[in-house]
Amino acid sequence: MPHRSLEKPIQFRYTEIQEFPSTLNESQRVNWMTRLFITEARKNLTAELIPGNLPALHTNEELLHLEGKLREHESWLAERVEKQKSVRPDENPVIHTEEMRTRAKALEKELLKLMRRKSPPKKKGESSSSIPTGSAAGDSTSSETSTATQQSQETPIDDKKHDEL
């Protein structure tokens with residue numbers, strides 16, 4: 001029985017050494033995805049300021065919160081990885097893969113919460129394309145088309161009037 005108590009720490013260190021590279025890679029992948037998402041979301045915030053563009057999906061406060069979580073994770077990871085470099089194979093690791101997974105999952109959960117957000121519904125007054133009007137004085141076709149299009153946009157279609165087969 002005493003030999004099992006001696007084996008357990010060795011097995012733990014061996015498992016940690018084996019899993020460390022892939023767990024670190026996964027953690028860094030989550031960091032990269034989060035950084036990329038924040039960059040794109042900030043572009044959307046800027047594009048929102050241009051008239052006619054759709055509103056941004058995320059607020060600046062939400063992006064700042066996510067960025068804070070990202071910085072916290074990156075600094076924790078960098079600090080621990082740096083300390084891990086000086087640990088000998090016969091010593092317990094400074095950074096455990098389970099803790100790395102847990103922290104990366106927490107950041108990924110925050111990221112996915114924002115990524116899964118649906119586009120806001122378009123307001124009724126907004127139009128995705130502008131309707132060109134005739135510029136020539138005698139161009140009645142384009143003004144008639146424009147008038148007909150405006151009327152069809154203003155008149156709601158009542159589905160109840162249609163006969164069923």
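Read along the sequence, the protein follows the pattern α-α-α-α. The model described here is predicted. Its secondary structure amounts to four helices and zero strands. The protein has 165 residues, of which 22% are buried. Its accessible surface comes to about 12900 Å², and carbon and sulfur atoms account for 55% of that area. Among contacts with a separation of 6 or more, 69% join residues that are 24 or more positions apart.

## Helix α3 and its two sides

Helix α3 covers residues 97–115. With 19 residues at 1.5 Å a residue, helix α3 should span 27 Å, and the 26 Å between its end C-alpha atoms agrees with this.

Which residues of α3 are buried? They are Thr97, Met100, Ala104, Leu107, Glu108, Leu111 and Leu114. These residues lie on the same side of α3, because they cover an arc of only 110 degrees around the axis. On the other side of α3, Lys105, Lys109 and Lys113 are exposed. A general rule of helix geometry is relevant to this arrangement. An α-helix has 3.6 residues a turn, so residues three or four places apart point the same way.

## Phe37 and the nonpolar cores

Phe37 belongs to helix α1, which comprises residues 2–48. Is Phe37 buried or exposed? Phe37 counts as buried because its relative accessibility is 14%, below the 20% limit for that class. When neighbours within four places in sequence are left aside, the contacts of Phe37 are His58, Leu63, Leu66, Leu111, Leu114 and Met115. One of these partners, Leu111, is 74 residues from Phe37 in sequence, yet the C-alpha atoms of the two residues are 8.0 Å apart in space. Leu111 and Leu114 are also among the buried residues of α3.

The largest nonpolar core contains 13 residues, and those touching the most other members are Phe37, Leu63, Leu66 and Leu107. Helices α1, α2 (60–84) and α3 each supply at least two residues of this core. Which helix gives the largest share of this core? That share, five residues, comes from α1. A second, separate core has seven residues, including Leu24, Trp76, Ile95 and Met100. In soluble globular proteins, nonpolar side chains tend to be buried together.

## Salt bridges

How many salt bridges does a search of the whole structure find? The search finds 16. Three of them are set out below, with the distance between the closest N and O atoms.

| Salt bridge | Closest N and O atoms |
|---|---|
| Arg29 and Glu108 | 3.6 Å |
| Glu82 and Lys85 | 3.4 Å |
| Arg88 and Glu91 | 3.5 Å |

The partners of these pairs can also be described by their accessibility. Glu82 counts as partly exposed at 48% relative accessibility, whereas Lys85 is exposed with a relative accessible area of 60%. In the pair of Arg88 and Glu91, Arg88 is partly exposed with a relative accessible area of 48%, and Glu91 is partly exposed with a relative accessible area of 32%. Salt bridges that share partners also join Glu26, Arg29, Lys105 and Glu108 into one network.

The salt bridge between Arg29 and Glu108 has its closest N and O atoms 3.6 Å apart. Arg29 lies in helix α1 and Glu108 in helix α3, so this pair ties together parts that are 79 residues apart in sequence. Arg29 is partly exposed, with a relative accessible area of 32%.

## Glu108 in its setting

Glu108 is located in helix α3. Why does Glu108 count as buried? Its relative accessibility is 14%, and buried means under 20%. Glu108 appears among the buried residues of α3 together with Leu107 and Leu111. Apart from neighbours within four places in sequence, Glu108 is in contact with Arg29, Val30 and Met33. Of these contacts, Arg29 is the salt-bridge partner described above.

Technical notes: Residues numbered from 1 in each chain as written. Predicted model: local features only at pLDDT ≥ 70, side-chain atom pairs only at ≥ 80, totals over all residues. Heavy atoms only, no water. Expected span 1.5 Å × (residues − 1). Buried < 20%, exposed > 50% of the residue type's maximum accessible area, 1.4 Å probe, protein only. Arc of directions from axis to C-beta. Contact = heavy atoms within 4.5 Å. Core = buried A, V, L, I, M, F, W, Y, C linked by side-chain atoms within 4.5 Å. Salt bridge = Lys/Arg side-chain N within 4 Å of Asp/Glu carboxyl O. Areas by Shrake-Rupley, 256 points an atom, 1.4 Å probe, with all protein chains shown as cover.
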